[in-house]
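Biologist: I am new to this one, and I would like to learn how to read it feature by feature. Please put it on the screen and pick a place to start.

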Amino acid sequence: MARYLSQMCAMDDLIGQAIGALESSGLMERTLVLFVSDNGVSYPGNKSTLYDRGVGSPCILWDPRTDARGDDMSLVSSIDYAPTLLAAAGLSDPQLAGIPLGQGQRDAVFAEMFWHKDEVGMRAVRTQRWKYIVNTSLEPVGAGEVSEDWEEALEDRPWAAPRTPFELYDLDEDPHEQTNLVAQEPDLVKMLHGRLVEHAEETDDAGSLPPLPMDE
């Protein structure tokens with residue numbers, strides 16, 4: 001953890017140098033700055049999972065053309081970054097599926113995992129309130145972790161247990177995604193599963209989604 005935090009300090013210093021160079025050269029007021037990161041740290045339940053700790057990442061946008069400041073809790077997908085930068089340059093590409101930041105609202109974002117260190121097949125759809133995950137592989141979530149320091153410890157931890165095929169979390173009440181509500185919300189599960197199926201068809205997803213128990 002100390003090494004991880006020291007890396008964040010180094011990153012902060014490097015970003016400060018880049019911003020300082022823009023300011024000293026007089027380019028800051030006509031430069032769009034977008035700060036994003038890779039996925040979460042490689043601790044159990046983070047990287048290589050579709051929980052918010054694994055797929056959520058910072059997105060900080062500096063746009064000198066607007067006076068808007070503050071936090072925006074809108075849903076954003078990484079596929080939105082390229083259209084955002086093109087739009088800032090007065091360009092567009094109809095083949096890009098993303099939405100330029102500030103030019104539309106998403107009601108849901110999608111995430112997937114295929115393989116990392118081992119097979120960790122997962123698909124997910126996230127709305128502002130709900131996260132629905134379909135596990136196409138039931139291997140323990142720890143199997144895909146890249147931090148070898150954890151491998152022995154995983155044997156005696158809850159995340160070493162086989163996964164359940166379907167997971168549903170109320171992010172308002174359960175932000176750490178600990179209580180699976182699949183059994184309590186069958187209608188919501190069916191609707192969100194349908195959204196995943198539609199997304200898989202639209203994106204030509206090669207992975208197979210298992211049918212819901214009520215559909216079998």
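Modeller: Let us start with glutamate 177, which is buried, with a relative accessible area of 4%. Buried means under 20% relative accessible area, exposed over 50%, and partly exposed in between, using a 1.4 Å probe and protein chains only. Before we go on, this is a predicted model, where local features need pLDDT of at least 70, side-chain atom pairs count only at pLDDT 80 or more, and totals for chains, interfaces and linings use all residues. Residues are numbered from 1 along each chain as its sequence is written, and side-chain values use heavy atoms, with hydrogens and water left out.

Biologist: Where does glutamate 177 lie?

Modeller: Glutamate 177 sits in the loop between strand 6 and helix 4. Helices (H or I, at least four residues) and strands (E, at least two) are DSSP runs, numbered from the N terminus.

Biologist: What is the phi of glutamate 177?

Modeller: Here is the general idea: most residues other than glycine have a negative phi. Glutamate 177 has a positive phi, near 55 degrees. Aspartate 204 also has a positive phi, of about 55 degrees, although it is not a glycine. Aspartate 204 belongs to the segment after helix 4.

Biologist: Is aspartate 204 buried or exposed?

Modeller: Aspartate 204 counts as exposed, at 68% relative accessibility, whereas glutamate 177 is buried at 4%.

Biologist: Now salt bridges, please. How many salt bridges does a search of the whole structure find?

Modeller: Side chains of opposite charge can pair when their charged atoms come close. The rule used here asks for a side-chain nitrogen of Lys or Arg within 4 Å of a carboxyl oxygen of Asp or Glu. Searching the whole structure gives nine salt bridges. Glutamate 177 comes back here, as Asp52, Arg126, Lys131 and Glu177 are linked in a network of them.

Biologist: Which residue forms a salt bridge with arginine 106?

Modeller: Aspartate 80 does, with the closest N and O atoms 2.7 Å apart. This pair links distant parts of the chain, 26 residues apart: arginine 106 is in the loop between helix 3 (81–88) and strand 3 (109–115), and aspartate 80 is in the loop between strand 2 (59–62) and helix 3. Both partners are covered: arginine 106 is buried, with a relative accessible area of 19%, and aspartate 80 counts as buried at 2%. Arginine 106 is also a place to look at the fold, with threonine 127 21 residues away in sequence and 8.5 Å away in space, C-alpha to C-alpha.

Biologist: Where are the two partners when arginine 129 and aspartate 172 meet?

Modeller: Their side chains form a salt bridge at 3.9 Å, N to O. Arginine 129 is in the loop between strand 4 and strand 5 (130–135), while aspartate 172 is in the loop between strand 6 (166–170) and helix 4, 43 residues apart. Arginine 129 counts as partly exposed, at 37% relative accessibility, and aspartate 172 as exposed, at 53%.

Biologist: Let us turn to empty space. Which residues line the largest cavity?

Modeller: A cavity, on a 1 Å grid over the protein atoms alone, is a set of points where a 1.4 Å probe fits but cannot get out, and lining residues have an atom within 4 Å of a point. Points are joined across faces, edges and corners, and the volume is the space filled by probe spheres set on them. The search finds one cavity of 30 Å³ or more, and the largest cavity has a volume of about 30 Å³. Its lining is Glu112, Arg123, Leu196, His199, Ala200, Asp205 and Leu209. Helix 4 (residues 186–202) gives the most to that lining, with three residues.

Biologist: I see Arg123 and Asp205 in that list. What do the side chains of aspartate 205 and arginine 123 do?

Modeller: They meet in a salt bridge (2.7 Å, N to O). Aspartate 205 is in the segment after helix 4 and arginine 123 in strand 4 (residues 119–126), 82 residues apart. Arginine 123 counts as buried, at 4% relative accessibility.

Biologist: One last contact: how far apart are arginine 30 and proline 64?

Modeller: They are 34 residues apart in sequence and 6.3 Å apart in space, C-alpha to C-alpha. Arginine 30 is in the loop between helix 1 and strand 1 (33–36), and counts as exposed at 67% relative accessibility.

How values were computed: On a 1 Å grid over the protein atoms alone, a cavity is a set of points where a 1.4 Å probe fits but cannot get out, and a pocket is an open set with protein on both sides within 12 Å along at least five of seven lines; lining residues have an atom within 4 Å of a point.
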